[in-house]
Amino acid sequence: MRYTNSAVKLWALVDCNSFYCNCERLFRPDLRDQPVVVLSNNDGCLIALTPEAKALGFSMGEVFFQVAHKLRQRKIAVFSSNYTLYADISQRVMGTLETVAPNVDQYSIDEAFVPFDAVLAAQPDAVGWEMHDRVTKWVGMPVRVGIGPTRTLAKLANHWAKKKTRVYRLAPGTPEFENVLEDRPVGDIWGIGRRQAKKLLLHGVRNARQLRDMNPDRALRLLT
């Protein structure tokens, strides 16, 4: 770690879109905008789907042999998982991000948190778009970027980027910020598990705004 928390002014979360599927598309440009699914080890079930495949009614976790005939009927491209390929593309994505920001915290194979110091935070939207454009052009991997004052809010901004634009910054103190918090179910907040979500729902806390506004002592009693 080459930075201190006190030096971090903003966080960005860069997330690759339909990562496994788009890794396969890199070598099959004819499949761009076409439905694609990737299977688990031994082709057991569906573990990755493009939005086009989801729009046709397929979902994560479905057993492959039970839906194989439907996939053929819909002419959906099906790939066995290739983790060596996915790891290689992941390294290329992370390396590209490091050409924009000096520090990149890889969170998963297709996600990374990027801390913004004072210099990067001076133009956060421009930096977000630069990361987006470089990964898209240099690697060929579509990504979305969420920017916020904390990792949790960057994660929330990333979700909003998926719904609205490819790069989105959450700015506290704005009406839109309040709308975003109001829109996010409490169970979908990064760090809130199923048990905690059930407890919160029982106490009338349904969204991120209500969680933020909870009395801290009450929150500690309900959570950790």
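**Pockets and salt bridges at a glance**

The largest pocket here has a volume of about 840 Å³. Of the 32 residues lining that pocket, N17, S18, N22, P51 and P142 sit closest to its centre. Bear in mind that this is a predicted model. The second largest pocket holds about 380 Å³ of space, and a search of the whole structure turns up 12 salt bridges.

**The largest pocket**

- Six elements each give two or more residues to the lining of the largest pocket: β1 (10-16), α1 (19-25), β3 (46-49), α2 (51-55), β7 (143-148) and α7 (151-163).
- Helix α1 supplies the largest share of that lining, with 5 residues.
- Sorted by class, the lining of the largest pocket comes out as 15 nonpolar, 6 polar and 11 charged residues.

**The second largest pocket**

- This pocket is lined by 20 residues, and T152, K155, L156, I189 and W190 are the ones nearest its centre.
- The elements giving two or more residues to the lining of the second largest pocket are β1, α7, α8 (175-183) and α10 (208-212).
- Helix α7 gives the most to this lining, namely 7 residues.
- By class, the lining of the second largest pocket splits into 9 nonpolar, 3 polar and 8 charged residues.
- If you're browsing the model, β1 and α7 are worth picking out: they appear among the elements with two or more residues in the lining of the largest pocket, and they turn up again for the second largest pocket.

**Salt bridge D125 to R169**

- The side chains of D125 and R169 pair up in a salt bridge, with N to O at 3.1 Å.
- D125 belongs to helix α6 (residues 124-139) and R169 to strand β8 (residues 167-169), so this pair ties together parts that are 44 residues apart in sequence.
- D125 has a relative accessible area of 34%, which makes D125 partly exposed.
- R169 also counts as partly exposed, at 34% relative accessibility.

**Salt bridge R134 to E130**

- R134 forms a salt bridge with E130, and their closest N and O atoms are 2.7 Å apart.
- Both residues are in helix α6; because they are 4 residues apart there, about one helical turn separates R134 from E130.
- R134 is partly exposed, with a relative accessible area of 22%; the cut-off for buried is under 20%.
- E130 is partly exposed too, with a relative accessible area of 33%.

**Salt bridge R209 to E182, and its network**

- R209 and E182 form a salt bridge in which the closest N and O atoms are 2.5 Å apart.
- This one links distant parts of the chain, with R209 in helix α10 and E182 in helix α8, 27 residues apart.
- R209 counts as partly exposed at 24% relative accessibility.
- E182 is partly exposed as well, at 41% relative accessibility.
- R209 and E182 also belong to a wider set: E178, E182, R209, R212 and D213 are linked in a network of salt bridges.
- Helices α8 and α10, which hold E182 and R209, are also among the elements that give two or more residues to the lining of the second largest pocket.

Methods. Residues are numbered from 1 along each chain as its sequence is written. This is a predicted model: local features need pLDDT of at least 70, side-chain atom pairs count only at pLDDT 80 or more; totals for chains, interfaces and linings use all residues. Side-chain values use heavy atoms; hydrogens and water are left out. On a 1 Å grid over the protein atoms alone, a cavity is a set of points where a 1.4 Å probe fits but cannot get out, and a pocket is an open set with protein on both sides within 12 Å along at least five of seven lines; lining residues have an atom within 4 Å of a point. Grid points are joined across faces, edges and corners, and a volume is the space filled by probe spheres set on the points. Ala, Val, Leu, Ile, Met, Phe, Trp, Tyr, Cys and Pro count as nonpolar, Asp, Glu, Lys and Arg as charged, and the others, Gly among them, as polar. A salt bridge is a side-chain nitrogen of Lys or Arg within 4 Å of a carboxyl oxygen of Asp or Glu. Buried means under 20% relative accessible area, exposed over 50%, partly exposed in between (1.4 Å probe, protein chains only).
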